[in-house]
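Q: Could you take me on a close look at one buried part of this model, and then work outward from there? I'd like one connected walk through the packing rather than a list.

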Amino acid sequence: EKVRAGESVFVDAVLGDVGWTTAISATDGGTATTTNGAIVTFPPNAFVSAPGTPYTGTASVAVTAFDPTTTAGLAAFPGRFEGVADGGATIPFRSFGFIDVSPRDADGGALQLATGVTASIAIPIAASLVASAPSTIPLWFFNAADGLWREEGVLARDGGSYLANVSHFTPWNADLPVNISTLVGRVVLCGVDGGTDAGADAGAAAGADAGVTPVRGARVIAIGQTGWRGEESSTPADGTFSLSVTSSSVADLSASIGGTSSNHLSLTTAATGGTYNAGDICVTPAPVRIVLTWTTNPRDLDAHLTIPDVDGGREHVYFSRKSAADAVLDTDMTQGSGPEIV
């Protein structure tokens with residue numbers, strides 16, 4: 001993730017439901033299939049538990065297919081919507097579908113394919129993209145070591161799926177390079193009544209528009225309907241953002257900071273090479289904001305808040321229950337200093 005030095009950064013770690021788990025004999029091989037069409041087929045004697053160590057027991061293979069045109073699919077997408085192509089250049093892309101394959105041994109240890117062995121995969125094409133899906137498309141794998149997608153081979157279309165043979169297990173992705181344009185704007189602080197709050201922040205950037213407070217450290221996300229996402233993890237002091245986005249594409253734009261989100265703006269991005277100015281994106285602060293900070297000693301302190309509920313009892317917001325009633329804890333800091341913000 002690209003981040004801005006000295007700023008708090010919030011990352012959503014999304015756990016997707018496993019699509020389907022199948023028991024497969026490592027000696028005989030077999031096929032794992034999900035209800036939404038992902039298929040992985042293993043030949044006999046395909047697995048190793050470590051380099052050069054054949055695995056001969058029963059493998060538990062979890063296969064999950066994701067639709068990148070849905071909110072859940074986009075949230076679970078690893079990394080950014082760009083990757084390192086065969087020639088070494090980093091290029092933007094949009095996904096037509098991606099899958100995760102996780103084979104494990106009887107003790108839960110990770111398995112891989114033996115050297116020289118391949119498994120066949122079928123990646124379902126997102127239903128809304130089937131009509132525009134090409135006959136072949138680059139195949140990409142997610143490299144967890146560097147957090148980058150890397151091109152490795154080509155998928156061939158067969159009906160509503162893309163097929164290929166792979167030599168290792170990782171998230172696999174059917175992506176097509178796209179033309180890009182720029183989406184710009186500014187995140188500003190607004191009052192609880194929805195209007196601009198002229199005096200909300202004494203630390204506002206010098207030279208800001210009269211009556212407007214730019215927001216520093218905001219997260220801005222543009223989500224496309226055709227399988228892509230553009231993101232700014234932390235706005236600078238003037239609140240501005242500039243996103244590389246898929247050109248001529250319908251997108252949903254929003255900003256957030258400290259657990260508070262803006263309204264969502266639907267727009268169509270500019271043509272290739274152009275710029276769309278979304279103007280000011282308004283983030284309304286919570287009426288009450290409680291910030292806990294401390295030094296590096298002790299290493300960990302925790303913010304707790306109890307508030308009355310409608311039944312006469314009390315709700316408790318803390319690290320194990322981050323939201324209740326009208327309060328939310330934005331993060332649980334465990335390495336000293338904070339902040340933890342309710």
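A: Let's start at phenylalanine 47. Leaving out residues up to four places away in sequence, Phe47 touches Ala26, Phe42, Pro54, Tyr55, Ala59, Val61, Pro103, Leu111, Gln112 and Phe169. This is a predicted model, so read every contact here as a feature of the prediction. Phe47 and Phe42 are both buried. Their ring centres sit 5.1 Å apart with the planes at 40°, so the pair is tilted. A search of the whole structure turns up 10 aromatic pairs.

Now zoom out a step. Phe42, Phe47 and Val61 are the residues with the most contacts inside the largest nonpolar core, which has 38 residues. Strands that each supply at least two residues of this core include strand 3 (39-42), strand 4 (47-50), strand 8 (90-104), strand 13 (161-166) and strand 14 (172-177). Strand 6 gives the largest share, four residues. There is also a second, separate core of 29 residues, which includes Phe77, Phe81, Leu267 and Ile281.

Between strand 3 and strand 4 runs a loop, and asparagine 45 is found there. Its backbone is worth a glance: phi of Asn45 is near 55°, a positive value in a residue other than glycine. Serine 248 is another such case, with phi near 50°. Ser248 lies in the loop between strand 19 (240-246) and strand 20 (250-257), and with a relative accessible area of 54% it is exposed.

Back inside, pick up Phe81 from that second core. Phe81 lies in the loop between helix 1 (71-76) and strand 7 (82-84), and counts as buried because its relative accessibility is 6%. Beyond its sequence neighbours up to four places away, Phe81 touches Leu74, Pro92, Phe93, Ser95, Gly227, Trp228 and Arg229. Take Gly227 from that list: Phe81 and Gly227 are 146 residues apart in sequence, but 8.8 Å apart in space, C-alpha to C-alpha. Phe81 also belongs to a cluster of ring pairs, together with Phe66, Phe77, Phe98, Phe142 and Trp149.

Ser95, one of the residues Phe81 touches, deserves its own stop. Ser95 lies in strand 8, and at 0% relative accessibility it counts as buried. Its side chain reaches the backbone nitrogen of Gly97 at 3.1 Å. Leaving aside neighbours within four places in sequence, Ser95 is in contact with Pro68, Phe77, Phe81, Leu129, Asn173, Ala174, Asp175, Thr226 and Gly227. So what we have here is a serine that counts as buried, at 0% relative accessibility, in contact with Phe77 and Phe81 among others.

From the ring cluster you can also step across by way of Trp149. Proline 171 and Trp149 are 22 residues apart in sequence and 9.3 Å apart between their C-alpha atoms. Pro171 lies in the loop between strand 13 and strand 14. Its relative accessibility is 17%, so Pro171 counts as buried. Apart from neighbours within four places in sequence, Pro171 is in contact with Pro78, Ile99, Asp100, Trp140, Phe141, Phe142 and Trp149. Phe142 and Trp149 on that list are both members of the ring cluster.

One covalent link is left to look at. The search of the whole structure finds one disulfide, formed by Cys190 and Cys282 with their sulfur atoms 1.7 Å apart. The pair links distant parts of the chain, 92 residues apart: Cys190 is in the loop between strand 15 (180-189) and strand 16 (213-214), while Cys282 is in strand 23 (residues 275-283). The two ends have their own settings, too. Cys190 counts as buried at 3% relative accessibility, whereas Cys282 is partly exposed, at 26%.

Finally, the wider view. The protein chain comes to one helix and 29 strands, and 41% of its 342 residues count as buried. Among contacts between residues at least 6 apart in sequence, 63% join residues at least 24 apart; the Phe81 and Gly227 pair, 146 residues apart, gives you one picture of sequence-distant packing. The accessible surface of the chain is about 16,800 Å², and 52% of that belongs to carbon and sulfur atoms.

How values were computed:
Residues are numbered from 1 along each chain as its sequence is written. This is a predicted model: local features need pLDDT of at least 70, side-chain atom pairs count only at pLDDT 80 or more; totals for chains, interfaces and linings use all residues. Side-chain values use heavy atoms; hydrogens and water are left out. A nonpolar core is a set of buried Ala, Val, Leu, Ile, Met, Phe, Trp, Tyr and Cys residues joined through side-chain atoms within 4.5 Å. Buried means under 20% relative accessible area, exposed over 50%, partly exposed in between (1.4 Å probe, protein chains only). Contact means heavy atoms within 4.5 Å. A disulfide is a pair of cysteine sulfur atoms within 2.5 Å. Rings of Phe, Tyr and Trp (its six-membered ring) pair if their centres lie within 6.5 Å; planes under 30 degrees apart count as stacked, over 60 as edge-to-face and the rest as tilted. A polar contact is a pair of N or O atoms within 3.5 Å; within protein, one must be able to donate a hydrogen and the other to accept it, and residues adjacent in sequence count only if both atoms are side-chain atoms. Accessible areas come from the Shrake-Rupley method with a 1.4 Å probe; for residues, only the protein chains shown count as cover.
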